[in-house]
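Reader: Could you walk me through how to read the helix packing and the empty spaces in this model?
Author: Sure, let's take a look together.

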Amino acid sequence: MALVDKVVVITGASSGIGALTAQMLSKRGAVPVLLARSEDKLKETAAGIPGVFGLYACDVTDGAQVAGTFAEILRVYGRIDILVNNAGYGKFAAFTEMEPREFDDMMNVNYMGIVRCTKAVVPHMLERGSGQIVNVASMAGKIGTSRAVAYTATKHAVLGFTNALRQELRTNGIIVSAVNPGPIATDFFRTADPSGNYEKSVSRIMMTPEHVSSKIVKLIEKGKEEIDLPVFAALGIRLYGLFPRLADKLTYNLMNRK
């Protein structure tokens with residue numbers, strides 16, 4: 001897909017891979033439209049975007065706000081070619097340490113936020129007969145680990161939603177893609193792991209946000225339906241699918257470092 005003049009809406013765009021993806025898309029001639037809760041942070045991010053862009057303060061947990069924001073984007077730009085659902089967060093803690101409310105809150109952002117934003121664009125894309133929806137999931141959506149029960153559940157939901165929606169829209173000219181990254185060196189860990197212990201334990205395999213963002217842009221350009229990051233993880237996922245219980249036992253010490 002040529003990205004010149006494509007209108008790309010990106011949620012969670014005030015920092016990390018959302019912000020970097022917006023910058024990279026702009027350099028390729030796209031028109032990134034940045035969404036996040038904080039307008040001030042969005043304006044800081046926008047300072048690094050070389051081309052035309054848009055920005056809107058939008059909380060993906062607020063259905064009315066999401067609907068209104070996307071309606072305004074369509075009014076201003078006339079179309080939405082690509083939606084990158086990137087908003088999300090995690091918290092690593094033992095199951096017994098987390099309250100049900102925390103499960104609700106994480107699911108509301110990580111999963112229902114994607115549902116709300118996708119609901120806002122699919123009718124428009126169906127009418128045009130084209131479009132791409134990119135959902136940033138996680139390797140956690142494919143392999144569960146200890147102290148990440150709530151987060152893993154949200155990403156399993158995202159992948160299930162993505163895979164089913166892909167089949168539903170396959171004949172309508174709409175590509176539905178999943179990006180499944182492992183650990184990324186971003187502010188995600190300030191909330192997920194304030195102690196810094198997990199971040200240190202996986203520092204050797206930690207990816208840079210620049211690397212992940214570049215892969216997201218390539219996925220969009222090529223119209224790919226899924227990528228697992230880092231690359232070696234794709235093989236591990238296949239082996240896990242074949243021998244899940246054996247893989248759990250063999251990789252316990254490696255995977256459970258939170």
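Author: Let's start with a helix pair: Ile17, Leu20, Thr21, Met24 and Leu25 in H1 meet Pro209, Glu210, Val212, Ser213, Ser214, Ile216, Val217 and Ile220 in H9. Contact here means heavy atoms within 4.5 Å, and helices (H or I, at least four residues) and strands (E, at least two) are DSSP runs, numbered from the N terminus. Keep in mind that this is a predicted model, where local features need pLDDT of at least 70, side-chain atom pairs count only at pLDDT 80 or more, and totals for chains, interfaces and linings use all residues. Residues are numbered from 1 along each chain as its sequence is written, and side-chain values use heavy atoms, with hydrogens and water left out.

Reader: How does the contact of H1 with H9 divide by class?
Author: It has 9 nonpolar, 3 polar and 1 charged residues. For the classes, Ala, Val, Leu, Ile, Met, Phe, Trp, Tyr, Cys and Pro count as nonpolar, Asp, Glu, Lys and Arg as charged, and the others, Gly among them, as polar.

Reader: At what angle do the axes of H1 and H9 cross?
Author: Axes are lines fitted to C-alpha atoms, for helices over the stretch in contact, and angles run from 0 to 180 degrees between N-to-C directions. The axes of H1 (residues 16-27) and H9 come within 9 Å and cross at roughly 55°. That makes H1 oblique to H9; angles under 35 degrees count as roughly parallel, over 145 as roughly antiparallel, 65 to 115 as roughly perpendicular and the rest as oblique.

Reader: Is the crossing of H1 and H9 left-handed or right-handed?
Author: You call a crossing left-handed if the near helix is turned anticlockwise from the far one by less than a right angle, and right-handed if clockwise. For H1 and H9 the crossing is right-handed.

Reader: And what about H4 and H6, at what angle do their axes cross?
Author: Roughly 30°, with the axes of H4 and H6 (residues 149-169) coming within 9 Å. The two helices H4 and H6 are therefore roughly parallel to each other. Their crossing is right-handed. On the H4 side, the contact is made by Phe103, Met106, Met107 and Asn110, while H6 brings residues including Val149, Tyr151 and Lys155. By class, the contact of H4 with H6 has 9 nonpolar, 2 polar and 1 charged residues.

Reader: Which residues make the contact between H4 and H5?
Author: Axes before residues: those of H4 (residues 100-110) and H5 come within 3 Å and cross at roughly 30°. That makes H4 roughly parallel to H5. The contact is made by Met107, Asn108, Val109 and Asn110 of H4 and Met112, Gly113, Ile114 and Arg116 of H5.

Reader: Now the empty space. How many cavities of 30 Å³ or more does a search of the whole structure find?
Author: The idea is simple: rolling a probe the size of a water molecule over the atoms shows where empty space is left. On a 1 Å grid over the protein atoms alone, a cavity is a set of points where a 1.4 Å probe fits but cannot get out, and a pocket is an open set with protein on both sides within 12 Å along at least five of seven lines; lining residues have an atom within 4 Å of a point. Grid points are joined across faces, edges and corners, and a volume is the space filled by probe spheres set on the points. Here the search finds 1 cavity of 30 Å³ or more, and the largest cavity holds about 30 Å³ of space.

Reader: Which helix gives the most to the lining of the largest cavity?
Author: H5 (residues 112-128), with 3 residues. The lining includes Gly113, Ile114 and Cys117, and it divides into 5 nonpolar, 4 polar and no charged residues.
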